[in-house]
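Trainee: I'm new to this one and a bit lost when I look at the whole thing. Could you pick a single part, take me through it closely, and then show me what lies elsewhere in the chain?

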Amino acid sequence: MKLLRISLALLGSAVVLVSAACGGSEGVPGDAVAVVDGTEIPRSALDELIAQARKTYEAQDQDFPKAGTPEYQNVQTQYVKYLVQLEEFEKEAGELGIEVTEKDVDKELQEFIKTRFEGKRAGFEKALEEQGYTEEALRKTLYASVLSQKLFDEVTKDVQVPRAEIIAYYQQNQSSYGTPESRDVRHILVSEKNGDEVDFDASKKEADRLYAELRAGGDFAALAKANSDDPGSKANGGKLTISRGQTVPEFDKVSFDLKIGTISKPVKTTFGYHIIEALSPVRKAKSTPLSKVRASIKATLLQDKRTEVMTEWVKDLEEDYEDKVNYAAGF
């Protein structure tokens, strides 16, 4: 399953953008599925992809779409579009002086084995066998991936991220680069139920009883363990570390307004009634300075910009080839 999933992902990475089929069917030989600017794409290339997909389905005990069904036609169409775009990429790569060598594919294959199989070729070969996949087929997929990456690098090599955009992004996402106020508290939640609904009257009565017991010197942690209806903190004597805005508004306000060491009267929320004790001072909010996140922001923005540029390049490429591609009938 792992090899299949990764291989299909690599196949998809080569197809940055697949548009609907365009062009007519004139001038397409019977043994071809399409002609791209004078270059024929043999039907055997499509048959090879279909056959490999069928084997992989079978290896996973899945039914491959039957010939003649809309599902099968969709598989064929997608593969033809892939082959057409791959041919367009190869032609453009030639114009840009880009070449994918066997050494490039070897390197990609070794990285694939290292990443997915901890560098163990035996595991890789076992996965190939189990899924009915061939190393040759995988190498073709890796070739497409390397070609796509080289084109991406070339087309987007001059993309830059201005300093002002980094600052603007940091300011617009300030909440992501820091920590809010926080403090340690403990609480007892009383949530008496009437069916599936909270019985607030019964909950208030029980909360008042526990509050009176605490005021008389009762042990908060012990009472929380015995009575709290909050499963997340009950075993810990009701203790929580909360951040400003993390909890429901009523609980949040009282928790941060309490003086350290004091206990609140029962506080009503949608969950029932809470008795809260402040255990620590309020820790101030902290902001991560721009200097510490500048590199990561720049990397994020750069990748977004490069992706936009590449997407537009592929769109232009499709338009350039619109009148240069002819598909066999049915594709």
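## One strand and its surroundings

Mentor: Let's start with one pair of residues: Asp-184 has Thr-241 of strand S7 as its bridge partner. Keep in mind that what you're looking at is a predicted model. Asp-184 belongs to strand S4, which covers residues 182-190, and that strand is our part for today. S4 and S7 run antiparallel, with five bridges joining them. S4 also runs antiparallel to strand S9, this time joined by six bridges. On that side, Val-185 is matched with Ala-278 of S9.

How enclosed is S4? Eight of its nine residues are buried, so the rest of the structure largely encloses this strand.

Now zoom out to the sheet. It's an open one with four strands, in the order S7-S4-S9-S8, and the pairing is antiparallel. S7 (239-243) and S8 (267-269) are the edge strands; each has a single partner, so one side of each has no neighbour in the sheet. If you compare neighbouring strands, they are turned by 45° against each other on average, ignoring direction. At the S8 end, S8 and S9 (residues 272-278) pair antiparallel over three bridges, and Thr-269 sits opposite Gly-272 of S9.

Two helices pack on this sheet. Helix H8 (residues 200-215) touches S4, S8 and S9, and its direction makes about 25° with that of S9. Helix H9 (residues 220-227) touches S4 and S9, at about 50° to the direction of S4. So S4 meets both helices, as you can see from H8's contacts and H9's contacts.

That takes us to the nonpolar cores. In soluble globular proteins, nonpolar side chains tend to be buried together. The largest core here has 49 residues, and the members that touch the most others are Leu-46, Val-84, Phe-124 and Leu-151. At least two residues of this core come from each of S1, H2, H3, H4 (102-117), H5 (121-130), H6, H11 (290-320) and S11. Helix H3 gives the most, with 10 residues. For a closer view, take Val-84: setting aside neighbours within four places in sequence, this residue is in contact with Ala-34, Val-36, Ile-41, Val-325 and Tyr-327. There's also a second, separate core of 11 residues, and Ala-207, Tyr-211, Ala-224 and Tyr-273 are among them.

Those contacts of Val-84 lead to another sheet. Three strands make up this open sheet, in the order S2-S1-S11, with antiparallel pairing. Its edges are S2 (39-42) and S11 (325-327), each with a single partner strand, so one side of each is left without a neighbour in the sheet. Here the average turn between neighbouring strands is 20°, direction ignored. Strand S1 (residues 32-36) pairs with S2 in the antiparallel sense over four bridges, and Ala-34 has Ile-41 as its bridge partner in S2. Helix H2 (residues 43-59) packs on this sheet, touching S1 and S2, and its direction makes about 35° with that of S2. Helix H3 (residues 70-95) lies across S1, S2 and S11, at about 30° to S1.

Just ahead of S1, have a look at Asp-31, in the loop between H1 (2-14) and S1. Buried or exposed? Asp-31 is exposed, because its relative accessible area is 52% and the cut-off for exposed is over 50%. Outside its close sequence neighbours (within four places), Asp-31 is in contact with Glu-40, Pro-42 and Arg-43. Asp-31 and Ala-328 are 297 residues apart in sequence, yet their C-alpha atoms are 9.3 Å apart.

Two last stops, both on helices. Helix H6 (residues 135-155) has 21 residues, which at 1.5 Å a residue should span 30 Å; the C-alpha atoms at its ends are 30 Å apart, so the two agree. The buried residues of H6 include Leu-138, Leu-142, Val-146, Leu-151 and Phe-152.

Finally, helix H7 (residues 163-172) packs against H11 at an angle of about 110°, with 9 Å between their axes. That makes the two helices roughly perpendicular to each other. At their meeting place, H7 brings residues including Ile-166, Ile-167 and Tyr-170, while H11 brings residues including Val-293, Ile-297 and Leu-301.

Notes: Residues are numbered from 1 along each chain as its sequence is written. This is a predicted model: local features need pLDDT of at least 70, side-chain atom pairs count only at pLDDT 80 or more; totals for chains, interfaces and linings use all residues. Side-chain values use heavy atoms; hydrogens and water are left out. Two strands pair if DSSP finds at least two bridges between them. Axes are lines fitted to C-alpha atoms, for helices over the stretch in contact, and angles run from 0 to 180 degrees between N-to-C directions. Contact means heavy atoms within 4.5 Å. The expected span of a helix is 1.5 Å times one less than its number of residues. Buried means under 20% relative accessible area, exposed over 50%, partly exposed in between (1.4 Å probe, protein chains only). A nonpolar core is a set of buried Ala, Val, Leu, Ile, Met, Phe, Trp, Tyr and Cys residues joined through side-chain atoms within 4.5 Å. Angles under 35 degrees count as roughly parallel, over 145 as roughly antiparallel, 65 to 115 as roughly perpendicular and the rest as oblique.
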